[in-house]
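Here are my notes on the model, point by point. Have the coordinates open while you read.

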Amino acid sequence: MSRTVYVNGAWLPEGEAKISVFDRAFLMADGVYEVTTVIDGKLVDFDGHAARLDRSLGELEMRSPVTREGLLEIHREIVRRNDLREGMIYLQVTRGAADRDFTYPEDAEPGIVLFTQAKGLVDSPAATRGLSVISVPDLRWRRRDIKTVQLLYPSMAKMEAKKAGADDAWMVEDGHVTEGTSNNAHIIKDGRIITRHLGSEILHGITRAAVLRYAREAGMEVEERAFTLEEAQAADEAFVTSASTFVTSVVAIDGARIGGGQPGPHARRLREIYIEKSRANAI
Ligand code: PDD
C-alpha cells in the first residue's frame, strides 16, 4: 500500500516524492530529524519533539521551514491521510539544496520531509522477551545531543549486534555506557534507576525525560550519572527508552544475564505506566 508523504509543502504518493541531488542532507548529512510515536491515532509527546527539533536546528544555525502550529497541523494531517493508528512519524528538516561546498549556503531554502511507518508498538514481542545487547566503542562525533541524520555508525553497530545474534548495541566511551544505537540506556540497582546525566555525549531522549518523571512520581529514586558496563552487568535490571520502544528491558549484556535473563518488575511497571500516561496525554 502506497503511503502519502509530505515533501516541502506537497502531499504525494511515496513513489512520486523527490528531493534534489544537491540537498545537503544527502551530500553532507546536513539535516536533523525527529521520530514521534502515534498511539490510537494520536501524537505522543509532540511538544517535546517539537522543542528538541527547535534546539537541534538552533545548534546548527538552521532555519525552521514551518511554525510550531504548522508542524502540528502537518503531523495530524499525515496521520489522517495514512489512516495511521499505531506507529511512527518520521520528520526530517534539511538545510536545503545548494552547490556542494563545506560552508553553509546563505540562501538555501530549508527542506522538510515527513512519512509514516505503521507498526505495533504497544504489544511488542521484544518487550515481553527482553533484549540482548553487545557493547561497542562509541565512535560517533561529540555532539550527540543534536539529532542529526548522520546515523552510519549506529547503523554499523546495530549490524554488528545482529551478526553476533544480539538485538542491539550499547556504546561505551571512557569506560562508561553512553547510550544504545537508537535509544537511551538505563539500569536499576536496589530499586533505584541509574541513568547517564544529560550532556553532549547522549541524545536528550524525550521518552527518557517522560519515564524519569513518571518514575519519580511513582516514588522511585533516580540517579543521573555515568555507569560502567560492569556495573550494568551486575545490575538487577536494565532497560532502554525511545519513542519506538517505549520502555524495553535488556536481559543480557555481552552474554552476561541481567536479572536472571527475564524482564524485571520495575522495568515492566515503568513500561505499563509510560503506555498508560502516553495514551492519556496523546493529542
Ligand atoms: N531514536 N538515543 C539515540 C541515539 C536515539 O537515536 C534515540 C531515538 C534516543 C531516544 O530518544 P527519544 O526517546 O526521544 O526517541 C536516544 C529514534 C527513535 C530513531 O532514530 O528511530
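**Notes on the predicted model**

1. Starting with a strand pair: β5 (residues 87–94) and β6 (residues 111–118) run antiparallel and are joined by eight bridges. Gln-92 has Val-113 as its bridge partner in β6. On terms, helices (H or I, at least four residues) and strands (E, at least two) are DSSP runs, numbered from the N terminus, and two strands pair if DSSP finds at least two bridges between them.

2. Before going further, the ground rules. This is a predicted model, where local features need pLDDT of at least 70 and side-chain atom pairs count only at pLDDT 80 or more, while totals for chains, interfaces and linings use all residues. Residues are numbered from 1 along each chain as its sequence is written, and side-chain values use heavy atoms, with hydrogens and water left out.

3. The sheet that holds this pair is open and six-stranded, in the order β2-β1-β6-β5-β3-β4, with antiparallel pairing. Its edges are β2 (10–13) and β4 (42–43), each of which pairs on one side only.

4. Next, α2. Helix α2 (residues 46–59) lies across β3 (31–39), β4 and β5, running at about 180° to β3. (Axes are lines fitted to C-alpha atoms, for helices over the stretch in contact, and angles run from 0 to 180 degrees between N-to-C directions.) The helix has 14 residues and reaches 20 Å from its first C-alpha to its last, close to the 20 Å expected at 1.5 Å a residue; the expected span is 1.5 Å times one less than the number of residues.

5. Which residues of α2 are buried? They are Phe-46, Gly-48, His-49, Ala-50, Arg-52, Leu-53, Ser-56 and Leu-57. Here buried means under 20% relative accessible area, exposed over 50%, and partly exposed in between (1.4 Å probe, protein chains only). Their cover includes β3, β4, α3 (68–81), β5 and α6 (206–217), where contact means heavy atoms within 4.5 Å.

6. Check the backbone on either side of α2. Asp-45, in the loop between β4 and α2, has a positive phi of about 55° although it is not a glycine. Asp-45 counts as partly exposed because its relative accessibility is 30%. Just after α2, Glu-61 takes a positive phi of about 50°. For context, most residues other than glycine have a negative phi.

7. On to the domains: the protein is divided into domain 1 (4–118) and domain 2 (125–281), with bounds from an automatic or database domain assignment. The contact takes 21 residues from domain 1 and 19 residues from domain 2. Taken over C-alpha atoms, the two domain centres are 26 Å apart.

8. How much area do domain 1 and domain 2 bury between them? About 1800 Å², 61% of it on carbon and sulfur atoms; buried area is the accessible area (1.4 Å probe) that two parts lose on being put together, summed over both. Tyr-33, Ile-39 and Arg-52 supply 32% of the area that domain 1 buries against domain 2, more than any other three residues. Arg-52 is also one of the buried residues of α2.

9. In domain 2, have a look at β14 (246–253). Eight of the eight residues of β14 are buried. Strand β7 (residues 131–137) runs parallel to β14 with three bridges, and Ser-132 has Ala-252 as its bridge partner there. Strand β13 (residues 237–242) is antiparallel to β14 with five bridges; Thr-241 stands opposite Val-247. β13 and β14 form a hairpin with three residues between them.

10. A second hairpin links β14 and β15, with two residues between them. The pairing is antiparallel over two bridges, and Ile-253 is matched with Ala-256 in β15. Asp-254, in the turn, has a positive phi of about 50°. Asp-254 counts as partly exposed because its relative accessibility is 37%.

11. Ser-242 sits in strand β13. Is Ser-242 buried or exposed? It is buried, with a relative accessible area of 9%. Leaving aside neighbours within four places in sequence, Ser-242 is in contact with Ser-182, Asn-183 and Thr-207.

12. Last, the C-terminal end of domain 2. Helix α8 (residues 265–281) has 17 residues and reaches 24 Å from its first C-alpha to its last, close to the 24 Å expected. Its buried residues are Ala-267, Leu-270, Arg-271, Ile-273, Tyr-274, Ile-275 and Ser-278.
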